[in-house]
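Q: Could you take me through the places where chain C meets its partners in this model? I'd like a close look at those contacts, with the details spelled out.

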Amino acid sequence: MLRGAARFVDDVPHPHACHVAFVRSPVAAGRITEIGTADARSVPGVLAVITSEDLGHPALTAVLERAEFVPTAMPLLAHDRVRYVGEPIVAVVAETRYIAEDAAEHVWCEIAETDPVLSLADLAGAATSVHAEAPDGVLVDLQMFTDELLGDALAGAPLVLEETFRSGRVAAAPIEARGCLAEWQARDEQLVLQVSTQVPHQVRTGVASALGIAERQVRVIAPDVGGGFGLKCVVGREEVVAAAIAAMLRVPVRWSEDRQENLTAAFHGHEQEYRIRAGFDSDGRFVGVDADIVCNIGAYSAYPFSCGVEPLMAATELPGVYKVGRYAARARGFATNKPPTAPYRGVSRPQVVLVMERLLDKAARRLGIGRVEIRRRNTIGRHEFPYTGPNGITYELGSYVEALDRCAAEVRHAGWWERRDAGDGPLRGIGIVNFSERTAYGTATMGLRRMQMTPGFDVSHVRMDPSGDVVVTSGTCGHGQGHETTFAQIVADRLGVHPERVKLRQGDTDLTSFGWGTWGSRSLVIGGGSAAVASRRLADQLKVVAAELLEAGPGDIELADGHARVRGVRDAGLPIDEIAATVHFRSHTLTQHEDRLLEARGVTDPPGMFSNATHAALVEVDRGTGGTRVLDYLVVEDCGVVVNPTVVDGQVRGGVAQGIAAALYEELIYSPEGQPLAGTFMDYLVPTASEIPPVTVHHIETPCDLTETGAKGMGEGGTIGAPAAVLAAVNDALREYDAEIDHIPVRPADVVRALRRGDAADAVRQEETA
Amino acid sequence: MKPAPFEYHRAYTPQEVVELLRELGEDAKILAGGQSLVPMMNFRLAHPAALIDINPVSGLDYIRREGDELRVGALTRHRSVEISRGAEVRDGFAVLPRAARWIGHYPIRSRGTVGGSIAHSDPTAEWCLLARLHDAEIVVLGEHGTRTVPSEEWFTGFLTTAALPGEMVIETRFRRPRRCAALLEYARRRGDFAIAAAGVAFDVVDDRCQDVTIVLGGVAGRPLRVPEAEAHVQGAEPAESTWAEAARIAAASVEPGAEADGDHDYRRHLVGTLTRRAFREAYETGTDAGPVRGVA
Amino acid sequence: MKDQHLVTLNVNGSEHELVLESRRTLADTLRQDLGLTGTHLGCEHGICGACTVLLDGEPVRACLVFGVQADGHEVRTVEGLARGDELNDLQQAFSRHHGLQCGFCTPGFLMLAEAYLSTGPEADPDEVREVVSANLCRCTGYQGIVEAVTEVAAERRGEAKTAHD
């Protein structure tokens with residue numbers, strides 16, 4: 001990585017690979033009447049110009065096995081209708097990307113435009129729905145929880161808040177965009193698809209089904225992957241098209257998504273609206289929450305997990321760490337003429353946390369209760385675990401109140417309140433938010449969603465070679481989460497060898513067992529857990545052999561420092577390397593190891609466990625520009641046993657940066673015609689080092705007894721807490737203006753408007769001196 | 001995102017550039033730092049048939065004082081101005097290196113050129129604003145020799161200038177050196193093009209503001225001077241109330257338009273803020289007068 | 001007719017003669033013609049900085065410079081930083097401070113930082129943060145990168161001072 005020797009898919013050398021460029025829809029909605037490819041075909045260097053018809057109209061269809069779900073097909077290439085600006089219509093295959101783009105300019109698509117549906121408001125009056133199968137535009141509509149007594153409870157509550165919260169459409173925007181290299185290997189009759197993905201096996205299934213070939217005829221390899229954040233946990237139509245072309249033309253084909261495609265035509269995330277009625281008693285305790293959740297999922301349901309992921313997650317996990325009393329939630333996903341959405345890092349939790357935290361801050365203000373105190377009153381306490389909420393979830397032991405108190409203390413200790421209130425300078429505010437997140441969902445939990453494909457388990461294999469080195473394979477697919485380090489630690493600990501002797505192999509469907517990849521804060525717990533199980537079994541094998549060689553009982557053997565020793569005997573012991581050599585080369589001398597070799601398999605399929613954290617943000621709002629800067633950021637997190645603090649802190653900090661991005665900077669905005677207005681890194685504002693403050697991370701370790709290592713997942717937590725913390729801090733900064741902002745991102749113009757809405761005269765006076 | 005084909009030509013002298021421009025016609029573009037042109041080519045928003053690379057041209061990379069003029073060669077990189085500390089700049093043009101820090105980022109500043117920016121004519125570009133602030137003259141070379149165009153006439157609209165076909169920018173002459181000057185911008189993210197910008201320059205003589213110019217960026221297709229606000233400050237006391245009134249007038253001069261970054265009210269508000277702050281900074285950095293009077 | 005040029009590039013100390021189409025960017029030249037794939041493309045419009053290389057010692061976006069423009073000039077890429085197997089001080093500091101996760105943006109940050117460090121800066125974290133703002137990273141939140149560059153700035157100044165004494 002540091003030498004420039006990494007191999008991201010675009011770095012994989014292939015001198016003969018052709019390049020694909022896509023011709024994409026210039027309009028948000030319409031019917032394709034004609035596609036002219038002749039001119040493009042005649043450009044020198046062009047091999048083929050491919051339409052959906054050329055491929056036999058293949059499609060990917062994600063299915064949720066629920067009556068309230070409408071399955072819709074996502075064609076690999078649009079052929080009858082286009083449903084968003086950027087939808088691929090034609091694939092141009094040429095010797096170089098330069099030529100492919102030249103030729104793409106000569107493809108001619110005639111499209112009869114129709115009025116686009118961009119928002120829920122457009123839906124009502126729309127002449128044409130996005131999908132004929134869903135005339136009302138609704139692809140999923142679930143009344144997840146009901147409570148007949150909720151209405152009465154709210155009617156009788158001393159305080160009822162009726163609020164709407166919104167979050168903008170965002171892009172995961174990994175610095176490596178998507179891409180692939182597809183090649184048909186005649187010798188093996190196999191399509192080898194190297195692709196930047198989080199889910200190699202799901203890509204294999206998608207490609208095999210779309211192309212109508214056997215799974216064994218597809219080998220998917222994820223080389224180094226330059227960030228995913230959920231964007232790469234679904235199957236992209238472009239990579240399947242590239243695979244189809246390679247299989248059809250029998251030429252190696254490369255597609256490298258450029259940034260404009262990535263921002264305007266790849267999967268987006270998080271465009272949601274929450275209409276909430278929440279009742280509180282006079283002590284600030286929830287009596288009930290009624291939630292109506294609406295997700296703008298874009299034009300298609302992403303394969304394989306479907307557009308149900310975000311609405312279901314939102315409705316299920318909205319209550320979070322709080323005892324909400326009575327609860328009802330309806331969750332809907334509706335189709336619009338914008339790019340499809342995928343489960344972006346955090347999956348609705350950034351939104352639900354934001355909603356709950358805003359409700360509590362509003363209630364605290366109305367009732368005159370401290371913001372930390374009102375949380376303490378509503379948070380599930382230590383003595384209440386395991387706690388089963390009205391959302392049907394049972395929360396295992398966590399440190400919800402402890403993390404809150406610790407964070408509040410750290411904030412005090414760090415002098416934030418003094419900094420907030422110092423002088424007459426810019427407006428400053430502090431936000432403190434508390435949340436939990438279910439991580440590492442296994443099949444038992446995932447099964448409740450009724451996806452046609454239910455993910456959850458993973459299998460690892462651990463093998464020791466004759467020299468004593470260890471190779472682990474896993475169905476996960478890391479891309480910057482430090483799996484090489486943490487998996488090696490887990491395995492090395494159990495085998496008594498140095499972590500440097502352990503190498504991880506993942507991301508190759510011919511090399512690893514079937515797996516579900518890396519997303520949903522699952523890898524360390526599920527992949528690492530299965531590696532732990534496998535290495536325990538391998539350790540047992542080593543002990544059996546060592547026992548025979550050392551003439552002791554297997555139960556008396558200890559493995560440590562690269563040696564096997566008899567417990568209580570202080571001698572040099574037997575080098576594990578030697579045991580490995582004996583097993584491989586002189587197995588005839590052993591009577592006790594009938595399995596031969598040193599290899600073991602482990603599987604993990606946990607129910608999912610809740611990590612928790614309290615985040616605090618200190619922000620400064622500039623009255624003059626409306627700009628908000630995050631000055632300081634503090635996290636107290638509990639992901640159980642911390643396997644590697646550096647990796648955990650890195651995940652938290654990167655996640656917080658992404659959360660701050662969603663809170664203040666990033667938004668994919670569209671014109672009324674459905675044209676993307678943030679299609680470049682000049683207008684889609686991924687924050688730089690100047691916008692992201694140092695993040696202090698504190699750990700509480702509540703070991704999890706549901707997992708092998710005692711660890712819980714934590715890859716998403718930073719992203720989940722930060723939008724709520726920043727929004728709370730902004731509102732705190734505006735506290736004297738009686739102005740409340742209930743959406744993200746908070747743009748400078750929103751702040752200025754909020755200030756004006758508040759005490760206008762006072763605001764003007766303040767401005768004068770700003 | 002790959003550029004369309006073009007012919008590449010390299011020039012070593014300004015005369016060669018002009019000859020190539022004549023030979024290649026209007027589809028040829030000059031390639032200087034390329035920090036604006038090449039992205040447009042990569043997006044295929046620009047399709048020049050030919051590029052004339054002027055980076056090898058010698059003798060156009062300089063910052064030179066001629067009396068009251070600061071002459072900056074067209075191929076001077078932003079970074080050279082940013083790190084310039086000599087008396088020729090310090091005395092009356094100190095705002096230039098300070099403002100150069102606003103331009104993009106370090107690698108952009110080490111590659112992009114002053115002349116390229118002036119020729120590109122982005123209404124929020126620092127050099128365009130500074131040119132108007134300092135009543136610069138743009139020296140262009142064409143088939144019939146050089147001519148000098150006042151910056152007031154140079155910037156004709158969004159990405160358009162008074163350059164005639166076949167002409168190249170060879171020098172920008174910043175004029176009217178003043179002790180107090182500042183350029184302030186606001187962008188949501190570090191290094192981005194400004195949503196709005198305000199530049200001010202003036203001298204303080206006998207506790208009165210003299211020789212005042214105010215320029216706004218991001219509010220029109222070209223850098224906008226605000227004569228009414230300038231007139232208000234001219235002869236007035238350097239005080240907070242003066243700045244506030246100038247800011248109010250400047251903000252009021254912002255016409256509604258299509259705004260992607262924020263609404264019209266917001267942009268006015270921002271212009272007011274930046275103007276006021278620019279005056280304050282200009283006064284504080286240009287005089288040792290200490291705190292400005294009138295601050296509550 | 002393709003507009004092609006014979007160019008000589010000095011990359012990391014080695015001379016290369018190449019025939020390049022004029023529109024080929026320096027980034028594509030390095031990656032595809034010379035196989036130096038450490039220089040990455042993240043946006044191709046000069047914002048993300050993943051393709052940052054040194055051209056005659058100055059940091060440039062290799063997506064905004066054409067290969068033909070580098071004719072007769074010296075280019076330094078991430079592949080030229082380590083000495084054999086030994087990572088240079090900056091690379092080691094990135095590793096120590098967890099300045100990378102997925103590693104895609106890392107080469108660009110290393111080259112940006114090398115350029116900055118070659119100016120002999122004070123080890124001022126605020127200034128480092130501003131310089132580092134030239135490039136985008138999506139994984140780390142930048143903290144490890146800022147720490148690594150700040151530390152190396154201090155170390156190199158210390159060494160320079162010692163050498164001077």
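A: Here is a walk through the two contacts of chain C, with a few side-chain details afterwards.

First, the ground rules: this is a predicted model, where local features need pLDDT of at least 70 and side-chain atom pairs count only at pLDDT 80 or more, while totals for chains, interfaces and linings use all residues. Residues are numbered from 1 along each chain as its sequence is written, chains are lettered from A and ligands numbered from 1 in the order in which they are written, and side-chain values use heavy atoms, with hydrogens and water left out.

Start with chain A against chain C. Chain A puts in 49 residues and chain C 47 residues, where contact means heavy atoms within 4.5 Å. About 3,700 Å² is buried between the two, and carbon and sulfur atoms give 57% of that; buried area here is the accessible area (1.4 Å probe) that two parts lose on being put together, summed over both. On the chain A side, A:L2, A:R3 and A:Y98 lose the most area to chain C, together 23% of what that side buries.

Now the polar side of that contact. There are 4 salt bridges between chain A and chain C, a salt bridge being a side-chain nitrogen of Lys or Arg within 4 Å of a carboxyl oxygen of Asp or Glu. C:R23 and A:D102 make a salt bridge through their side chains, at 2.6 Å from N to O. You also get 26 residue pairs in polar contact between chain A and chain C, both residues at pLDDT 80 or more. A polar contact is a pair of N or O atoms within 3.5 Å; within protein, one must be able to donate a hydrogen and the other to accept it, and residues adjacent in sequence count only if both atoms are side-chain atoms. Two or more residues on the chain A side come from each of α3 (97-104) and α18 (645-665) of chain A, and α18(A) gives the most, with 9 residues. These labels follow DSSP runs numbered from the N terminus: helices are H or I, at least four residues, and strands are E, at least two.

Over to chain B. Its contact with chain C takes 34 residues from chain B and 33 residues from chain C. The pair buries about 2,600 Å², with 56% of it on carbon and sulfur atoms. In chain B, the residues that lose the most area to chain C are B:Y8, B:Y106 and B:P107, together 23% of what that side buries.

The salt bridges between chain B and chain C number 5. B:K2 makes a salt bridge with C:E44, with the closest N and O atoms 2.8 Å apart. For polar contacts between chain B and chain C, the count is 15 residue pairs, both residues at pLDDT 80 or more. On the side of chain B that touches chain C, β1 (7-10), α2 (37-42), β3 (50-53) and α6 (106-111) of chain B are the elements that give two or more residues. Of these, α6(B) gives the most, with 6 residues.

One last stop is A:D508, in the loop between β23 (502-506) and α16 (523-550) of chain A. A:D508 counts as buried at 9% relative accessibility; the cut-offs are under 20% relative accessible area for buried, over 50% for exposed and partly exposed in between (1.4 Å probe, protein chains only). Its side chain joins that of A:R219 in a polar contact of 2.7 Å.
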